[in-house]
Amino acid sequence: MDNERFYKICRDFDLSIHTDADELTHRFTDDVQARAFLEALVWPDQPFCPHCGSVRVYRFRPVKTTRGGEARAPRVGLFECGDCAAQFSATTHTPLHGTKLPLLKWIKALFYLLSSSKGVSSVVLARHLGVTQPTAWKMAHAIRELLDHRHEAEPVLDGEVEIDTKRIGGEPRKDAYTKYVWNPRGKGSDKSIVLVMADRDGRVRTSVVSGESAAELAPAIKAVVKPEAHLMTDGDKALAVVGQDFEGHSSVNHGAEEYARVERKDGKPPRRRRRNGKLRDDERNVHVNHAEGFSALLERSRFGVYHRFSRVHMSRYLDEAAWLWSAASSGTLTTAEGHSQGEVQAEPFVLQLMTLMPRAFGRQVRWSAKGGLFWPPPLRAEDPPAPSRALMLARAKEKNGAGHDLPRKDRPAGISSRGSRPLPAPVRLRATSPPFRPLPPGRPPPDFTDEEIDGLF
Ligand SMILES: [Zn+2]
C-alpha cells in the first residue's frame with residue numbers, strides 16, 4: 001500500500017492514523033472539506049470526466065455571479081469537461097451518485113461499516129446516522145457495491161488455498177406450528193450453497209454456486225484461484241476432482257476426526273515432530289481452518305446482525321464479510337502478565353478507503369421505481385458519452401441557428417456566441433486506464449429472472 005499517500009491524506013485532512021467517528025464528525029462538518037476528502041480518494045492522480053474519460057477538466061470557481069439580479073454560486077465540487085462539455089463531480093456515476101445527504105453521513109456510514117467486525121444492520125446504521133432505515137439500507141448496499149471484487153480480471157488467490165462449501169439459510173424448524181417444515185442442515189437442504197476460498201495471507205473470495213458437483217464448482221474456483229496454487233479441502237469428493245487441475249491438492253478427513261496434520265511437500269511420510277512444533281521448509285500444514293473460520297464469521301453475521309440474507313442480495317453480504325475478513329490483519333498483543341496473545345485489528349479506515357474509492361467510478365446503486373434498489377448496468381468504454389457531442393451540436397444549432405459551429409470569422413452575423421465554441425472530438429481514455437476498464441455486470445444471482453427480482457421488492 002502507498003504509505004506516503006496515506007500519511008499525506010491524513011496530514012492534509014488532519015486525521016489520525018486510526019481515526020474515529022468523533023474525529024470524522026469534527027473534520028467534515030463542512031461539506032466543502034468532506035468533498036475535498038472524497039475527491040482526494042476517488043481521483044488519486046487527477047480528476048477525469050466520467051462521461052468521456054477526458055482529463056481536460058475545469059473546476060467552477062467558487063465565486064458568486066449575478067444573473068438577473070440574483071446571486072448564484074456554483075455547486076460545491078462541480079467540474080466541467082473541456083472535451084464533451086458535460087458537468088460532473090467526484091460522486092457522478094459512483095454509488096454516491098445524485099445523493100442529497102451531507103457527505104459527512106456517507107463518510108460515517110463507510111466508517112461504521114468498514115470498522116465493524118460482522119457488518120452493521122440498516123436499523124442500527126439509521127440510528128447512528130440520523131437517517132431513516134430505508135435510506136441506511138440503500139447506503140449500506142451502495143457501500144457493499146464498492147466491496148465487490150468483480151474488477152479482478154485475473155485469479156488472485158495463491159499459495160496454499162483452502163476451499164470449503166457452506167450452506168446458508170434458516171435454522172432447522174420443527175414445532176407444533178411448522179410440523180411439516182423441515183430445513184435440514186448441510187447437504188440435502190435447499191439452502192444457498194456458498195463456496196469459500198481462503199488463502200493463508202488473509203484473502204478470501206466467495207461465490208454462490210448452483211450445486212456441489214465438480215462441474216459446478218470448478219469454474220467458480222478457477223476464476224479466483226491461480227493454477228499454481230495448492231488446494232486444501234476436507235474430504236469432499238467433488239473438490240478432490242477439481243483439485244486435479246491445480247498444482248497440488250491435500251485433504252483432511254473430518255469423518256475420522258482429523259482436522260489438521262503436517263505433510264511433507266515431497267510426498268514422503270511425515271517425520272517425527274520436533275518438540276517446539278515449528279514447521280520445516282519442506283513441510284506444510286494441511287487444514288481448512290481459515291475457510292471454516294470465515295464461514296463461522298459469516299454465520300455470526302447472519303445470525304447476530306442481519307438475521308437473514310435474502311438470496312437476491314446474498315453475494316453482497318458475502319462481499320462485505322470477505323472484505324472485513326481481509327481488512328482485519330492479525331497482530332500480537334503483549335498482556336500485562338507478559339504473555340503474548342493474538343489481536344485482530346482492522347486496517348486503518350483511510351487506508352481502506354484508498355483501496356475502495358478509486359474503484360467507485362462505474363458502480364452505481366439507485367432507488368428503483370418500486371422503492372427497491374436498482375443496479376444500473378456497468379459503464380463501458382464503448383458507450384457514447386452522455387450528453388453526446390452530436391446531440392450537443394444539434395441542440396446548439398437548433399437554439400442558435402446554422403453556422404454557430406463555424407470559427408468566429410466565418411460565422412454569419414447575429415449568431416450567438418453561446419454554445420458556439422467548436423467542440424473538439426472527445427478524448428477517450430486509453431484502454432488500459434483504470435476508470436474505463438469494463439466491469440462485468442453486477443451480481444443478481446443467475447437463478448433469478450428480472451421479473452422475479454422485481455417481484456421481491
Ligand atoms: Zn467529458
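These legends go with several close-up views of a predicted model.

**Figure 1. The whole chain, for orientation.** Here's the full predicted model before we zoom in. The chain runs to 457 residues, and 28% of them count as buried. Its secondary structure comes to 13 helices and 16 strands. Take the contacts between residues at least 6 apart in sequence: 61% of these join residues at least 24 apart.

**Figure 2. The largest nonpolar core and its best-connected members.** This core has 67 residues. Which of them touch the most other members? That would be Ile107, Leu110, Met139, Ile143, Val161, Val196 and Met197. Domain 1 (3-139) and domain 2 (160-334) each put at least three residues into this core. There's also a second, separate core, made of 6 residues, with Phe48, Cys49, Cys52 and Cys81 among them.

**Figure 3. A closer look around Ile143.** Leave out anything up to four places away in sequence, and Ile143 touches Pro95, Ala109, Leu110 and Leu113. Leu110 turns up again here, being listed with Ile143 among the residues that touch the most other members of the largest core.

**Figure 4. Helix 4 against helix 5.** Two packed helices are described by the angle between their axes and the distance between the axes. For helix 4 (residues 103-114) and helix 5 (residues 122-129), the axes come within 10 Å and cross at roughly 135 degrees. That angle is why helix 4 counts as oblique to helix 5. As for handedness, the crossing of these two helices is right-handed. On the helix 4 side, the residues that meet helix 5 are Lys105, Lys108, Ala109 and Tyr112. Their partners in helix 5 are Leu125, His128 and Leu129. Ala109 does double duty, since Ile143 touches Ala109 as well.

**Figure 5. Asp148, in a loop.** Look for Asp148 in the loop between helix 6 (133-147) and strand 6 (160-168). Is Asp148 buried or exposed? It's buried, because 21 other C-beta atoms lie within 10 Å, and 20 or more is enough to qualify. Tyr317 also belongs in this view: Asp148 and Tyr317 are 169 residues apart along the chain, yet their C-alpha atoms are separated by 9.7 Å.

**Figure 6. Helix 1, out in the open.** Helix 1 covers residues 3-12, and of those 10 residues the number buried is 0, so the helix lies largely in the open. Asp14 follows helix 1 and has a positive phi, near 55 degrees.

Key. Residues numbered from 1 in each chain as written. Predicted model: local features only at pLDDT ≥ 70, side-chain atom pairs only at ≥ 80, totals over all residues. Core = buried A, V, L, I, M, F, W, Y, C linked by C-beta atoms within 7 Å. Buried ≥ 20, exposed ≤ 12 C-beta atoms within 10 Å, placed from the backbone. Domains from an automatic or database assignment. Contact = placed C-beta atoms within 7 Å. Axes fitted to C-alpha atoms, helices over the stretch in contact; angles between N-to-C directions. Helix = DSSP H or I, 4+ residues; strand = E, 2+ residues; numbered from the N terminus. Parallel < 35°, antiparallel > 145°, perpendicular 65-115°, else oblique. Left-handed = near helix turned anticlockwise from the far one by under 90°.
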